[in-house]
Amino acid sequence: MPELPEIRALSERLNEVAAGGVLRGADLLQFSSLKTVTPRASELPGAVIARVTSLGKYVVMELADGRRVLVHLSQGGRVDVEAPP
């Protein structure tokens, strides 16, 4: 499981490449993702990412409309940034 320094570094890197960007979609890859009540994955396309931060072992995407998306990478999780994104 990624530890706090790795999560902080990841959120800083994601903030560099994602802040100001628009979400095109979100895929639920695990059943545990379904515990999210709001925002639902189907509500995320078109949302603008204001900034990416971290809270404990969570990566937090703060959206321009005030909503937040929390991501926990669990065991061995990772985030890949595609080029072009």
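Helices, taken here as DSSP runs of H or I with at least four residues, are numbered from the N terminus, as are the strands. With that convention, Ser-11 can be placed in helix H1. The model under discussion is a predicted one.

The chain has one helix and three strands, and from the N terminus on these elements follow the order α-β-β-β. Confidence averages a pLDDT of 84 over the chain, with 85% of the residues scoring at least 70. In terms of the elements, the mean is highest in strand S1 (residues 49–55), at 96, and lowest in strand S3 (residues 68–72), at 87. As a general caution, predicted coordinates should not be read in detail where pLDDT is low.

The interior is the next topic. Of the 85 residues of the chain, 24% count as buried. The largest nonpolar core has 14 residues, and those touching the most other members are Leu-23, Ile-49, Val-52, Val-59 and Leu-63. Two or more residues of this core come from each of helix H1 (4–18), S1 and strand S2 (58–63). The largest share, four residues, is that of H1. In soluble globular proteins, nonpolar side chains tend to be buried together.

Val-52 deserves a closer look. Once residues up to four places away in sequence are set aside, Val-52 touches Ser-11, Leu-14, Asn-15, Ala-18, Val-59, Val-60 and Met-61. One of these partners, Ser-11, lies in helix H1. Is Ser-11 buried or exposed? Its relative accessibility is 3%, and because the cut-off for a buried residue is under 20%, Ser-11 counts as buried. Beyond its neighbours within four places in sequence, Ser-11 is in contact with Val-52, Thr-53 and Ser-54.

Another partner of Val-52 is Met-61, which leads to the pairing of strands. Met-61 has Val-69, in S3, as its bridge partner. S2 and S3 run antiparallel and are joined by five bridges. Four residues stand between the strands of this hairpin, in which Gly-66 adopts a positive phi near 100°.

Two totals describe the chain as a whole. Among contacts with a separation of 6 or more, 53% are between residues 24 or more positions apart. The accessible surface comes to about 6,200 Å², and carbon and sulfur atoms account for 53% of that surface.

Methods
Residues numbered from 1 in each chain as written. Predicted model: local features only at pLDDT ≥ 70, side-chain atom pairs only at ≥ 80, totals over all residues. Heavy atoms only, no water. pLDDT = per-residue confidence, 0-100. Core = buried A, V, L, I, M, F, W, Y, C linked by side-chain atoms within 4.5 Å. Buried < 20%, exposed > 50% of the residue type's maximum accessible area, 1.4 Å probe, protein only. Contact = heavy atoms within 4.5 Å. Pairing = 2+ DSSP bridges. Areas by Shrake-Rupley, 256 points an atom, 1.4 Å probe, with all protein chains shown as cover.
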